[in-house]
Amino acid sequence: MRDTFGREINYMRVSVTDQCNLRCRYCMPAGAAAAHGTTMDEDEIIRAIEAASELGINKIRITGGEPLVRKNILSICRRAAAMPGIREATLTTNGLLLSDMAGPLKDAGIRRVNISLDTLDPEKYAHITRGGSLGQALRGIEAARSAGLRVKINTVLIGGFNDGELSRLADMTRENDMDIRFIELMPMTGDFGQDAYLTFREARALIPGLVPLPGDGAARMFQFEGARGRVGFISPMTCNFCSQCNRIRLTADGYLKPCLHSRQEIPIKGLSREKMKEAIRRAILAKPERHPYLSASRLSEAGRSMNRIGG
Ligand code: SAM
Ligand code: SF4
């Protein structure tokens, strides 16, 4: 269905939990306590996806928090992927639990996963994630590839943290049939100074040898000559892509967010499928033309940390 600015909205990000086995510095505040007891149950999530599909949503991404920490995640994936209106069901994960779960996810109908990886240095990984194990994440990536899942790596660009290793990260696409996408840091937590907000242009200049390709959705795409995978850049800060926005978000506690950076939320938890459909229609029609200007000193107006929205 189209919103009031003529954009076709066909994509819903579905957060299944706000809990996480990591605490990335750009995503959640240090002392963030997860909300317990208010999460949508499996049937409610499936009902919401069905209702959305009747309004033309044909692509969903399961996210969180960390979606793989949710107990019934495989059942949610299986039911969502099997839905006739859903052309593609994908999942975003930090990869830590993929060693055991990649095969079952593939069996559940997931074909593609995005895996977050901001550095190849174990100490820096532990720092940015507040305690995570790089080795475990890399084993997860390997398990996903071995299980036959298509893998995209998501890397948040952070000046003064990973700007010195962007080339090395991009080099992973030379031998591997796997994309990496560098994403401009968005000001969600207020933990970063202006220097951390590396722009797409600055980042691209740090990776010599990239040849432009046609764009892919919100991403500008490039490739090294002869490489098997591609390198993308997503620039929510400098090249605001609101005019091409095709998505709505559903939070784990059952609120539709028409725009990532807006406080507006429409509750759907506990509603019947018809009522959910009506609420989703309202959320699509409530999408603003664009989000406000954001910077290191002008934080997102989302009103929630990223793990509680579903990135
Ligand atoms: N836990 C999973 C993961 O990390 O992939 C899924 C949820 S996480 C909120 C989804 C994505 O949002 C991750 O790729 C993460 O890097 C990204 N993200 C979180 N906070 C961000 C921020 N402030 N700016 C840019 N990307 C952010
Ligand atoms: Fe967890 Fe993903 Fe947020 Fe990191 S980015 S704290 S892995 S939800």
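Reader: In what order do the twelve strands of the open sheet run?
Author: In this predicted model, twelve strands form an open sheet, and their pairing is mixed. Strand 7 (210–212) and strand 12 (266–267) are its edge strands, each pairing on one side only. Read from one edge to the other, the order is 7-8-9-6-5-4-3-2-1-10-11-12.

Reader: Which residue in strand 6 is the bridge partner of valine 156?
Author: Strand 5 (residues 150–157) and strand 6 (residues 179–184) run parallel and are joined by six bridges. The bridge partner of valine 156 in strand 6 is isoleucine 183.

Reader: At about what angle does helix 5 run to strand 5?
Author: Helix 5 (residues 134–146) lies across strand 4 (112–116) as well as strand 5. Relative to strand 5, the helix runs at about 150 degrees.

Reader: Which helix gives the most residues to the largest nonpolar core?
Author: This core has 92 residues, of which Met12, Ile60, Phe182 and Leu256 touch the most other members. One helix lies across strand 1 (11–15), strand 2 (59–63) and strand 10 (247–250), at about 175 degrees to strand 1. With six residues in the core, the greatest contributor is that helix, helix 1 (residues 42–54).

Reader: How many nonpolar, polar and charged residues does the shell around ligand 2 have?
Author: Cys20, Leu22, Arg23, Cys24, Cys27, Met28, Gly65 and Asn94 surround ligand 2. Glycine counts as polar in this classification, whereas cysteine counts as nonpolar. By class, the shell has five nonpolar, two polar and one charged residues.

Definitions and conventions:
Residues are numbered from 1 along each chain as its sequence is written. Chains are lettered from A and ligands numbered from 1 in the order in which they are written. This is a predicted model: local features need pLDDT of at least 70, side-chain atom pairs count only at pLDDT 80 or more; totals for chains, interfaces and linings use all residues. Side-chain values use heavy atoms; hydrogens and water are left out. A nonpolar core is a set of buried Ala, Val, Leu, Ile, Met, Phe, Trp, Tyr and Cys residues joined through side-chain atoms within 4.5 Å. Buried means under 20% relative accessible area, exposed over 50%, partly exposed in between (1.4 Å probe, protein chains only). Helices (H or I, at least four residues) and strands (E, at least two) are DSSP runs, numbered from the N terminus. A residue is near a molecule or strand if one of its heavy atoms lies within 4 Å of it. Two strands pair if DSSP finds at least two bridges between them. Contact means heavy atoms within 4.5 Å. Axes are lines fitted to C-alpha atoms, for helices over the stretch in contact, and angles run from 0 to 180 degrees between N-to-C directions.
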